[in-house]
Amino acid sequence: MEAPTRALGFALRHGERADAVPEYFSTCELSFDPPLTPKGLEQARAAAEVLRPYCAEFSKEDIRVYSSPLVRCLQTAAQVVVALGLRATHKIHATSQIIEEIIPCHFPKDPLKEGLVATKPHEYITKTYLNGIEFDDTQVKPLSYPEFYSETTQRLADGYCSILQKHERQHSLTVMVTHGRAIEEFNRYYGESVTELCDYCGISGAEKKSPTSPWTLFMSNNNIL
């Protein structure tokens with residue numbers, strides 16, 4: 001019997017951010033790199049439950065978790081790792097390929113140079129925000145700041161391709177924790193025009209049924225297509 005070769009890729013938006021809720025704004029060490037609220041942490045755990053049935057098809061060694069290097073995304077990824085029982089075996093792979101558009105209206109400073117991951121010790125981020133879950137930031141590379149809209153669109157498409165192509169010829173499941181605009185681009189790239197913003201911790205998914213088949217979108221904002 002041939003080994004299974006189905007590959008799944010999920011783009012997951014981060015949970016509710018603290019700077020969007022006045023009572024939690026004081027928890028932000030950096031206003032442009034806010035953590036999750038308690039509700040955001042709950043949303044991340046709920047997202048893990050949406051992913052759980054898909055993960056059941058794969059061994060732990062076949063599951064990988066990537067994240068934007070902003071702390072709200074890393075926190076979301078950490079909650080997923082813990083909820084799915086991957087704590088002992090998995091690091092989060094932080095990558096600048098799937099960070100949101102880095103423009104002054106979002107970021108008064110370049111977040112890849114001035115954000116928490118860039119300015120705080122690795123151990124501090126892990127203990128303060130990630131429940132002790134380790135992360136690898138070797139894929140966090142400088143980008144142009146500010147970034148043009150078209151540059152973001154192309155970067156996100158290239159980023160998704162690069163991440164998914166690493167594992168698409170094997171039985172694998174990849175989770176990529178990112179941002180609302182990035183989820184829109186994921187949907188566009190893999191087959192759907194977008195009419196509304198993805199909810200906090202909304203999930204879109206694409207499937208590659210065999211090594212020779214294309215990636216096709218099968219889930220958008222938690223809705224099966």
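## Leu84 and its surroundings

Leu84 is buried, with a relative accessible area of 14%. In this predicted model, Leu84 is placed in the loop between α2 (71–83) and β3. Leaving out residues up to four places away in sequence, Leu84 touches Ala48, Arg52 and Cys55.

Distance along the chain and distance in space can both be given for a pair of residues. Leu84 and Thr95 are eleven residues apart in sequence, and their C-alpha atoms are 21 Å apart in space.

## The sheet

Eight strands form an open sheet with mixed pairing, and their order is β4-β3-β2-β5-β1-β6-β7-β8. The edges are occupied by β4 (135–139) and β8 (223–224), each of which has a single partner strand, so one side of each is left without a neighbour in the sheet.

Strand β2 (residues 63–67) and strand β5 (residues 172–178) run parallel and are joined by five bridges. Within this pairing, Arg64 has Thr174 as its bridge partner in β5. Helix α6 (residues 149–165) lies across β1 (7–13), β2, β3 and β5, and runs at about 150° to β5.

## Strand β1

Strand β1 pairs with β5 in the parallel sense over seven bridges, and the bridge partner of Phe10 in β5 is Val175. With strand β6 (residues 203–208), β1 pairs in the antiparallel sense over six bridges. Here the bridge partner of Leu8 in β6 is Glu207.

The strand is mostly covered, as seven of its seven residues are buried. In a regular strand the side chains alternate between the two faces of the sheet. In β1, Ala7, Gly9, Ala11 and Arg13 point one way, while Leu8, Phe10 and Leu12 point the other way. The residues of both groups are buried.

## Salt bridges

The whole structure contains twelve salt bridges. One of them joins the side chains of Arg6 and Glu57, with an N to O distance of 2.6 Å. Arg6 lies in the segment before β1 and Glu57 in the loop between α1 (38–55) and β2, so this pair ties together parts that are 51 residues apart in sequence. Arg6 counts as partly exposed at 24% relative accessibility, and Glu57 is partly exposed with a relative accessible area of 35%.

A salt bridge is also formed by Arg17 and Asp19, whose closest N and O atoms are 2.7 Å apart. Arg17 is buried, with a relative accessible area of 18%, whereas Asp19 is partly exposed, with a value of 26%. In another salt bridge, the side chains of Arg52 and Glu49 meet at 2.8 Å, N to O. Arg52 and Glu49 are three residues apart in helix α1, so about one helical turn separates them. Arg52 is partly exposed, with a relative accessible area of 33%, and Glu49 counts as partly exposed at 42% relative accessibility. Elsewhere, salt bridges that share partners join Glu101, Arg181, Glu184, Glu185 and Arg188 into one network.

## Arg155 in helix α6

Arg155 lies in helix α6 and counts as buried at 10% relative accessibility. Its side chain reaches the backbone oxygen of Ile99 at 2.8 Å. A polar atom of the side chain of Arg155 also lies 3.0 Å from the backbone oxygen of Gln97.

Not counting residues up to four places away in sequence, Arg155 touches Ser96, Gln97, Ile98, Ile99, Glu100, Glu101, Leu143 and Glu147.

## Asp110, a buried acidic residue

Asp110 is located in the loop between β3 (92–95) and α3 (111–114). Asp110 is buried but has no salt bridge. The nearest side chain of opposite charge is that of Lys113, which is 4.5 Å away. A salt bridge requires a side-chain nitrogen of Lys or Arg within 4 Å of a carboxyl oxygen of Asp or Glu, so the distance of 4.5 Å between Asp110 and Lys113 does not qualify.

The side chain of Asp110 does reach the backbone nitrogen of Leu112, at 2.9 Å. Leaving aside neighbours within four places in sequence, Asp110 is in contact with Ile102, Gly115, Leu143 and Tyr145.

Technical notes. Residues numbered from 1 in each chain as written. Predicted model: local features only at pLDDT ≥ 70, side-chain atom pairs only at ≥ 80, totals over all residues. Heavy atoms only, no water. Helix = DSSP H or I, 4+ residues; strand = E, 2+ residues; numbered from the N terminus. Buried < 20%, exposed > 50% of the residue type's maximum accessible area, 1.4 Å probe, protein only. Lys, Arg positive; Asp, Glu negative; His and termini not counted. Polar contact = N/O pair within 3.5 Å; in protein donor to acceptor, adjacent residues only side chain to side chain. Contact = heavy atoms within 4.5 Å. Pairing = 2+ DSSP bridges. Axes fitted to C-alpha atoms, helices over the stretch in contact; angles between N-to-C directions.
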